[in-house]
Amino acid sequence: MFIAPVVVAGLLTAFVEAKTREYNWTVGWKEVDPDGLMKRQVVAINDEWPLPVVRAAKGDRVVFRVQNNLTDPVRNSSIHFHGLFQNGTNDMDGPIAVTQCPTVAGSEFVYNFTVDQPGTYWYHTHVTDLYPDGYRQMFLVEDEDAWFEDEVDGELAFSLTDWYHELTQVISETKFQTRYNPTGAEPVPNSLLFNDTIGPKYLVKPGKTYRLRIANTAALSSFYFYIAGHNVTIVEVDGVFTEPASAAGIYITPAQRYSVLFTVPHNAHESEAFQMAQIADADVYDVISPDLKLNQTAWLHTGEGAVFTEITHEDIYNSGLVDRDAVTLEDFDSSDIVVFDDFYLTPYDRQPLLPEPDREIVLDMDMGNLGDGKPYAFFAAEEWGDMQQSWTPAKVPTLYTVLDAPDDETALNATIYGSNTNTIVLNHLEVAQIVLNNADDGMHPFHIHGHNFQLILRGKEYEEPTRYDAESPDNLPLPEIPVKRDTVYVNGNSHFVIRFRADNPGVWLMHCHVDWHLTQGLALQFVEAPVQVRQNYKVHRTIPNSSWESCRLSGMPTRGNAAANTKDFFNLKGENRQYKYLPEGFTLKGYILMGVSVIMAFVGMGFLSWLALSDTKEDEALYFENISQEPVNPREIEREQFQQRSSESGTPLLADHA
Ligand SMILES: *[C@@H]1O[C@H](CO)[C@@H](O)[C@H](O)[C@H]1NC(C)=O
Ligand SMILES: *[C@@H]1O[C@H](CO)[C@@H](O)[C@H](O)[C@H]1NC(C)=O
Ligand SMILES: *[C@@H]1O[C@H](CO)[C@@H](O)[C@H](O)[C@H]1NC(C)=O
Ligand SMILES: *[C@@H]1O[C@H](CO)[C@@H](O)[C@H](O)[C@H]1NC(C)=O
Ligand SMILES: *[C@@H]1O[C@H](CO)[C@@H](O)[C@H](O)[C@H]1NC(C)=O
Ligand SMILES: *[C@@H]1O[C@H](CO)[C@@H](O)[C@H](O)[C@H]1NC(C)=O
Ligand SMILES: *[C@@H]1O[C@H](CO)[C@@H](O)[C@H](O)[C@H]1NC(C)=O
Ligand SMILES: [Cu+2]
């Protein structure tokens, strides 16, 4: 293999034998200022931030001894290795209350597993409200047998992210997840970072081909990415090698990864710069602060003498990614950018469409409120009685409940895993088809742990919520060789259909990878092949000591059902539940819709007697008191338009969340 000596970062190394790579990581706070605007605390590893990029070869064993020193402020820890299947090692997957207990400050957890998948991954903490504090980085796996290996002379790996100036938990508790934010407007970041910095410049050589590995590690933001004036060739999505696809630009949501090949022109000057554009999809922001730079430029260059100019709004308009007949320069924004649609990628292994599903799970998701007035996210499914449920973690990590159930039959019964854990039990090796209907008008990127899945249908964005209809004339024939990946977006008011085979026994979370939405409960969990999970942990694997120790130290029970009942697995008394629903017949949004303009009249007309209907009087009285004094809602205009639309069309009030 030829290696360009000039490549500064991430030289491809030829790995011969599988080895064990050991890491001693101390996780602690550090002050940094990556955007040059504000010094803030971030989660560092061994006092290093940006965090270390992990590099391994397919087949290697990796061992991470993770010491949690997050003491001021105190935080729990855990790490999820995003995209790695943890086949047989479910207890190493990371999510709290799903496969492990939190690693409390002052203690250690050991992650120890083999890496069998080549490609571009990332690791991030799976503790609520923490990864946007910088606790995430790329995890790169080499594969000498990758089909494009011989065409590549060098490699550059970088992350695209958004950045906040405050601690995630502080934002969540004081601004986001509060009753003063009933529509669930997501916190808008303060900056965009390109590989955790601003405007980096990477040296390249004329005539050489580079593999750019790109990972979106953002909390909220999706990005358009392109190299000005050049197409790139997509060769990997989320660890799945693809047939080469020429793309003028790509769209990358939180948690997605791409590898693209870029050949520096042979005739490039001695010092020439190629602009790389990172453009935020501004549709996901409710409020755009004038201080937020919505796009930034990084450069590939052939010499320091190059002229480094930033991409302008006009450049983007003229990039070839915008239909200039459809929109004027003045009116154009990121929503007018058209890039390669990942639906049309073909996996390199050409795995055909999985057979007709054994099992179809229809999920209806929406954003709304519970009786405490706070914004939540919901899934409803027939499997749990069609009630809207916001994922609420079990008292006992669900994997431990699988292992502790008195017999296989009990382990196969979803009841024992809790009423608000949104659990679906899958049978070993069945083909599962997930239909996800999004009644929210915003785009959401969904990730499933432990699997790649085939994306077999994705509806376009609709004006009004539109559920999947197998008979709809809008549906294309299903692809013969569908794209496979581990994170895929659903359009606003629309739907997607995905398929996977339940060939990885374990407990796996499926959730939106907008971190704010996960905090709101936009998650469900698959208990996949529990009988085979129990078998595996009887014969091949034991939960390591550091796992039990972290349960002991965090005070989390390890035995019994979701309520930690060890005597009667079907008795869930005392389990964790979501906050109670709003009083029947009302929705908080409905009130707010009426409320903002007429709230004073409303109060005058005996608002308090109305409240008598409610069984959450105190909470709501408080809530409405505050809202009537100060309508803090940043989406007033949107709401008003929505109200008008609803009253005109007579459609029921649906979430106006973006
Ligand atoms: C850590 O996790 C435990 C168990 O869930 C919880 O009781 C505790 O409050 C958490 N600590 C912090 C700082 O969040
Ligand atoms: C990692 O796991 C392997 C296989 O189970 C075991 O042999 C090894 O001792 C473990 N290493 C550590 C540091 O726990
Ligand atoms: C991106 O940042 C990481 C962490 O600092 C670094 O290891 C990597 O080399 C950077 N990428 C490039 C292309 O320089
Ligand atoms: C560049 O990519 C676009 C798709 O994004 C494609 O339509 C076009 O043909 C490509 N151009 C070249 C020169 O390959
Ligand atoms: C690019 O960023 C500038 C500065 O924030 C902004 O004015 C412009 O609208 C942005 N254009 C796009 C397409 O994002
Ligand atoms: C699960 O257990 C409950 C309570 O015993 C029972 O009503 C239900 O039928 C069981 N479900 C299945 C799928 O066996
Ligand atoms: C997990 O391992 C089993 C047995 O080796 C294999 O059949 C299955 O395909 C694997 N699942 C995944 C998701 O890799
Ligand atoms: Cu979401």
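# A walk through the predicted chain

Seven bridges tie strand β20, residues 359-369, to strand β23, and the two run parallel. This is a predicted model. The pairing of β20 and β23 is a good place to start reading it. One rung can be picked out by name: Asp 364 has Asn 437 as its bridge partner in β23.

Strand β23 has a second partner. Seven bridges join β23 to strand β28, residues 495-501, and here the strands run antiparallel. Val 431 of β23 stands opposite Arg 501 in β28.

How well covered is strand β23? Its residues are 431-438, and eight of the eight are buried. Look at the two faces in turn. Val 431, Gln 433, Val 435 and Asn 437 point one way. Ala 432, Ile 434, Leu 436 and Asn 438 point the other way. Both sets are buried.

Step back from β23 to the loop before it. Glu 430 lies there, between β22 (423-426) and β23. Is Glu 430 buried or exposed? Its relative accessibility is 9%, so Glu 430 counts as buried; the cut-off for buried is under 20%. Leaving aside neighbours within four places in sequence, Glu 430 is in contact with Asp 358, Arg 359, Phe 500, Arg 501 and Ala 502. Two of these names belong to the strands already met: Arg 359 falls within the residue range of β20, and Arg 501 is the residue opposite Val 431.

Now for the chain as a whole. It has eleven helices and 30 strands. Of its 658 residues, 59% are buried. The chain exposes about 25,800 Å², and carbon and sulfur atoms supply 50% of that area. Contacts across long stretches of sequence are a theme here. Among contacts with a separation of 6 or more, 78% are between residues 24 or more positions apart.

The stretch around helix α3 gives examples. Begin just ahead of the helix, with Pro 397. This residue sits in the loop between β21 (375-380) and α3. Pro 397 counts as buried because its relative accessibility is 0%. Pro 397 touches residues from distant parts of the sequence: Ala 97, Val 98, Thr 99, Gln 100 and Cys 101, together with Met 556 and Pro 557. That list leaves out residues up to four places away in sequence. Pro 397 and Pro 557 are 160 residues apart in sequence, yet their C-alpha atoms are 8.1 Å apart in space.

Move on into helix α3 itself, residues 398-404, where Thr 401 has its place. Thr 401 has 1% relative accessibility and therefore counts as buried. What does Thr 401 touch, not counting residues up to four places away in sequence? Its contacts are Val 396, Ile 416, Tyr 417, Gly 560, Asn 561, Ala 562 and Phe 569.

Asp 404 is also found in helix α3. Its relative accessible area is 18%, so Asp 404 is buried too. With residues up to four places away in sequence set aside, Asp 404 touches Arg 534, Arg 559, Gly 560, Thr 566 and Phe 569. One of these contacts is polar: the side chains of Asp 404 and Arg 559 are joined at 2.9 Å. Asp 404 and Asn 561 lie 157 residues apart in sequence, and their C-alpha atoms are 8.0 Å apart.

The ligands come next. Ligand 5 is surrounded by Ile 279, Leu 292, Lys 293, Leu 294, Asn 295, His 313, Ile 316 and Phe 332. By class, this shell holds five nonpolar, two polar and one charged residues. Which residues make the polar approaches? A polar backbone atom of Leu 294 is 3.2 Å from an oxygen atom of ligand 5. An N or O atom in the side chain of Asn 295 is 2.4 Å from an oxygen atom of the ligand. His 313 brings a polar side-chain atom to 2.8 Å from a nitrogen atom of ligand 5. On its own, ligand 5 has 360 Å² of accessible area, and the protein covers 69% of it.

Ligand 6 has Asn 413, Thr 415 and Phe 570 around it. A polar side-chain atom of Asn 413 lies 2.3 Å from an oxygen atom of this ligand. Taken alone, ligand 6 exposes 360 Å², of which the protein buries 27%.

Conventions:
Residues are numbered from 1 along each chain as its sequence is written. Chains are lettered from A and ligands numbered from 1 in the order in which they are written. This is a predicted model: local features need pLDDT of at least 70, side-chain atom pairs count only at pLDDT 80 or more; totals for chains, interfaces and linings use all residues. Side-chain values use heavy atoms; hydrogens and water are left out. A residue is near a molecule or strand if one of its heavy atoms lies within 4 Å of it. A polar contact is a pair of N or O atoms within 3.5 Å; within protein, one must be able to donate a hydrogen and the other to accept it, and residues adjacent in sequence count only if both atoms are side-chain atoms. Accessible areas come from the Shrake-Rupley method with a 1.4 Å probe; for residues, only the protein chains shown count as cover. Helices (H or I, at least four residues) and strands (E, at least two) are DSSP runs, numbered from the N terminus. Buried means under 20% relative accessible area, exposed over 50%, partly exposed in between (1.4 Å probe, protein chains only). Contact means heavy atoms within 4.5 Å. Ala, Val, Leu, Ile, Met, Phe, Trp, Tyr, Cys and Pro count as nonpolar, Asp, Glu, Lys and Arg as charged, and the others, Gly among them, as polar. Two strands pair if DSSP finds at least two bridges between them.
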